[in-house]
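Welcome! Here are some exercises to help you find your way around a new structure, each followed by a worked solution. Take a look first, then try each task before reading on.

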Amino acid sequence: MHESWRPFLKNEFKKPYFKELASFLHSEYEDKTIFPRKELVFRAFATDLNDVKVVILGQDPYHTPGAAEGLAFSVPNSEPIPPSLVNIYKEIDADIGKHTNPHGSLVNWQKQGVLLLNTVLTVEAHRPKSHSKKGWEIFTTETIKYLNDNRPHLVFMLWGRDARNKKELINTSKHLVLESAHPSPLSAHNGFFGSKPFSKCNNFLKANGMEEIIW
């Protein structure tokens with residue numbers, strides 16, 4: 001975790017809801033196979049708060065072995081590109097031209113100030129949404145509030161119902177909110193394809209004097 005997040009995280013970790021969540025996670029990691037690995041759960045927060053320009057909010061981590069690495073939609077270079085990310089790349093290609101990533105790792109997006117955050121940060125193997133309603137949603141709500149209050153001119157990409165529920169937390173007179181269906185094969189044709197979030201994002205960043213993201 002980057003030092004810039006320490007005041008926020010320290011405050012959240014003291015709250016009753018997070019203490020309950022931590023207790024739940026301790027027993028889950030002891031008894032079951034949980035993704036991502038413990039040391040990767042807060043990897044999104046390695047992004048310097050002061051460098052964050054874009055927030056991509058997904059659902060929960062990949063639930064198959066080897067895929068989840070603590071960054072929403074991202075997988076290690078050695079892993080096959082998951083269907084949701086395939087669709088994200090398709091939309092980039094249709095929106096702004098060829099995507100730059102030859103693999104499924106989105107670390108280069110993170111380095112440019114893209115916060116790759118899931119609504120829920122952990123999951124039991126082969127059981128999607130198994131860690132929903134355990135406290136993570138409160139944590140990510142507080143994260144969005146903190147970003148809303150402490151950063152100017154952010155772009156929030158809210159993909160899927162769980163992510164779109166956070167829209168009410170965001171000051172849309174200050175930030176740009178781009179919401180659509182989730183890019184998974186089950187829903188991408190219901191509004192993700194053709195939504196052009198990447199060009200809209202870069203146009204907003206440019207208009208506010210910031211460097212565009214190389215997608």
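A word on terms before we begin: a residue counts as buried when its relative accessible area is under 20%, as exposed when that area is over 50%, and as partly exposed in between. Please also keep in mind that this is a predicted model.

**Exercise 1. Work out how Arg164 and Glu179 are linked, and how open to the outside each one is.**

Step 1: Look at the side chains. Those of Arg164 and Glu179 meet in a salt bridge, with 3.0 Å from N to O.

Step 2: Find where each partner sits. Arg164 belongs to helix α6 (residues 161-164) and Glu179 to strand β6 (residues 176-180), so the salt bridge ties together parts that are 15 residues apart in sequence.

Step 3: Check the accessibility. Arg164 has a relative accessible area of 35%, so Arg164 is partly exposed. Glu179, at 30%, is partly exposed too.

**Exercise 2. Describe two further salt bridges, one formed by Arg6 and one formed by Glu28.**

Step 1: Start with Arg6. Its side chain meets that of Glu3 in a salt bridge of 3.1 Å, N to O. Arg6 is partly exposed, with a relative accessible area of 49%.

Step 2: Move on to Glu28. Its partner is Lys32, and the closest N and O atoms are 3.0 Å apart.

Step 3: Compare each partner with the cut-offs. Glu28 has a relative accessible area of 7%, which is under 20%, so Glu28 is buried. Lys32 reaches 37% and is therefore partly exposed.

Step 4: Put the pairs in context. The count for this structure comes to 12 salt bridges.

**Exercise 3. Is Glu12 buried or exposed, and which residues is it in contact with?**

Step 1: Locate the residue. Glu12 lies in helix α1 (residues 6-13).

Step 2: Read its accessibility. With a relative accessible area of 2%, Glu12 is buried.

Step 3: List its contacts. Setting aside neighbours within four places in sequence, Glu12 is in contact with Tyr17, Phe18, Phe139 and Glu142.

**Exercise 4. In what order do the four strands of the open sheet stand, and how are they paired?**

Step 1: Write down the order. It is β3-β2-β5-β6, and the pairing is parallel.

Step 2: Look at the edges. β3 (114-118) and β6 each have a single partner strand, so one side of each is left without a neighbour in the sheet.

Step 3: Consider the turn. On average, and with direction ignored, neighbouring strands of this sheet are turned by 15° against each other.

Step 4: Go through the pairs. Strand β2 (residues 54-58) pairs with β3 in the parallel sense over five bridges, and Val54 stands opposite Val114 in β3. Four bridges join β2 to β5, where Val54 stands opposite Val155. Five bridges join β5 to β6, and Met157 stands opposite Leu178 in β6.

**Exercise 5. Which way do the residues of β5 point, and what lies across this strand?**

Step 1: Sort the side chains. Val155, Met157 and Trp159 point one way from β5, while Phe156 and Leu158 point the other way.

Step 2: Ask how covered the strand is. Five of the five residues of β5 are buried, so by the under 20% cut-off the strand is mostly covered.

Step 3: Find the helix. Helix α5 (residues 136-150) lies across β2, β3 and β5 (155-159), and runs at about 155° to β3.

**Exercise 6. How many cavities of 30 Å³ or more does a search of the whole structure find, and which residues lie nearest the centre of the largest cavity?**

Step 1: Count. The search finds one cavity of 30 Å³ or more.

Step 2: Note the volume. About 90 Å³ of space lies in the largest cavity.

Step 3: Name the lining. There are 15 lining residues, and Pro61, Gly70, Leu71, Ala72 and Asn118 lie nearest the centre.

**Exercise 7. Where does Leu186 lie, and is it buried or exposed?**

Step 1: Place the residue. Leu186 is in the loop between β6 and α7 (197-207).

Step 2: Apply the cut-off. Its relative accessibility is 80%, which is over 50%, so Leu186 counts as exposed.

Step 3: Relate Leu186 to Gly104. The two are 82 residues apart in sequence, and their C-alpha atoms are 20 Å apart in space.

How values were computed
Residues are numbered from 1 along each chain as its sequence is written. This is a predicted model: local features need pLDDT of at least 70, side-chain atom pairs count only at pLDDT 80 or more; totals for chains, interfaces and linings use all residues. Side-chain values use heavy atoms; hydrogens and water are left out. A salt bridge is a side-chain nitrogen of Lys or Arg within 4 Å of a carboxyl oxygen of Asp or Glu. Buried means under 20% relative accessible area, exposed over 50%, partly exposed in between (1.4 Å probe, protein chains only). Helices (H or I, at least four residues) and strands (E, at least two) are DSSP runs, numbered from the N terminus. Two strands pair if DSSP finds at least two bridges between them. Axes are lines fitted to C-alpha atoms, for helices over the stretch in contact, and angles run from 0 to 180 degrees between N-to-C directions. Contact means heavy atoms within 4.5 Å. On a 1 Å grid over the protein atoms alone, a cavity is a set of points where a 1.4 Å probe fits but cannot get out, and a pocket is an open set with protein on both sides within 12 Å along at least five of seven lines; lining residues have an atom within 4 Å of a point. Grid points are joined across faces, edges and corners, and a volume is the space filled by probe spheres set on the points.
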